[in-house]
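The following note sets out several points for discussion. The sequence and structure are shown first, and the numbered remarks follow.

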Amino acid sequence: SDFFHSMIHFQDFVLEGFRGGLETQALLFAVFLALYMVTVLGNLLMIIVITLDARLHSPMYFFLKNLSFVDLWYSSFIAPNALANFFSSSKVITFTGCAMQFFFLSILATTECFLLGVMAYDRFMAICNPLRYPITMCQSACTRLVLGAYCGGCFNSIVQTSFTFHLPFCSSNRINHFFCDVPPLLQIACGNIAINKLLLFGICGLIIVGVMFVILISYGYIIATILRMRSGAGRRKIFSTCGSHMTAVTLFFGTLFVMYAQPGAIESMEQGKVVSVFYTLVIPMLNPLIYSLRNKDVKEAVQRLGQKHMTM
């Protein structure tokens, strides 16, 4: 009955977005547009290059391709709608539209979380168990790991979406955010949100801490292995790859933790909006740059693709 209660009260929500006059909105529009365009180009390029270049058909690049796929969709569920809202007078999103947006964002964010864990495990196997690596990380194992990441994303999303959108929203329909997310929605719910807070911090906290644990253990072993290496060139190459992985991981988990895994998250929405821009637009834009443009194999693959295109 609570669900119908909320449907009767509000058919639509209003996404308030960012405060400020026309100049601020125009500046933010330009920033969002630039971030989104670079995100789309970078991630599409990664997907195309990894798909077309046979030399990049290894587990590491299979996971990177999936990360690019997730990032591409993730930013696409947010940026176009946010861009349209900067100059819209109504900023309306329907109840169903809001639920759908949250559902897909939740799947993608959780999947990315698990993918980063899988990628750390992949590097651990490649560096610490190189002889067993081709058997352990065969094509079917890689596919299972990626499917597992998507299933984990679906599970978290179904739980969060069903519990959030069953709440009655009768105190207000104005969401103090630029997309539909749990903390701002819980702010305007007028039912008892204790169980929702518990689920949000419990499940998200568990996922974040669990995946971070896998990553830290993997990199602990990797660093120990690197330090035992005799070859300076090999050591530098691995440090470069793992350094870029750790940069991306720290950025992603740092911002997620601030948003979802600590109890003050729901109260401080202005700070939350800035943090959200970071993990919904900045990180998907940075991932291809962090993982690939510092990577010799990808640079060479892009050059080969360019030369092939020129000769056609």
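1. Trp 73 has a relative accessible area of 42%, so this residue is partly exposed. The model is a predicted one.

2. Trp 73 shares helix α3 (residues 59-76) with Phe 69, and the two are four residues apart, about one turn of the helix. Their ring centres lie 6.4 Å apart; because the planes meet at 70 degrees, the pair is classed as edge-to-face. Phe 69, with a relative accessible area of 38%, is likewise partly exposed.

3. The pair just described belongs to a wider set: 22 aromatic pairs are found when the whole structure is searched. Another of them joins Phe 29 and Phe 87, whose ring centres are 5.2 Å apart; with the planes at 55 degrees, this pair is tilted. An angle over 60 degrees would be needed for an edge-to-face label.

4. Which parts of the chain does the pair of Phe 29 and Phe 87 tie together? Phe 29 belongs to helix α2 (residues 22-52), whereas Phe 87 is in the loop between α4 (79-86) and β2 (92-94), so the contact links parts 58 residues apart in sequence. Phe 29 is partly exposed at 25% relative accessible area, and Phe 87 is partly exposed at 46%.

5. Phe 29 and Phe 87 are also members of one aromatic cluster, together with Phe 18, Phe 32, Phe 86, Phe 178 and Phe 179. At Phe 18, the charged end of Lys 273 sits over the ring, 5.8 Å from its centre.

6. The strands deserve a separate remark. Three of them make up an open sheet with mixed pairing, ordered β2-β1-β3. Since β2 and β3 (174-175) are at the edges and each has a single partner strand, one side of each lacks a neighbour in the sheet. Strand β1 (residues 12-15) pairs with β3 in the parallel sense over two bridges, and Leu 15 stands opposite Ile 175 in β3.

7. An unreviewed UniProt entry annotates residues 26-52, 72-90, 102-121, 198-226, 238-262 and 274-293 as "transmembrane region". How much of the chain over residues 72-90 is helix? The helix content there is 68%, with 0% strand, and the end C-alpha atoms are 27 Å apart. Over residues 198-226, the chain is 100% helix and 0% strand, and 41 Å separates the end C-alpha atoms.

Methods:
Residues numbered from 1 in each chain as written. Predicted model: local features only at pLDDT ≥ 70, side-chain atom pairs only at ≥ 80, totals over all residues. Heavy atoms only, no water. Phe/Tyr/Trp six-rings, centres within 6.5 Å; stacked < 30°, edge-to-face > 60°. Buried < 20%, exposed > 50% of the residue type's maximum accessible area, 1.4 Å probe, protein only. Lys NZ or Arg CZ within 6 Å of the ring centre and 35° of its normal. Pairing = 2+ DSSP bridges. UniProt positions renumbered as here; feature names shortened; annotations may be inferred.
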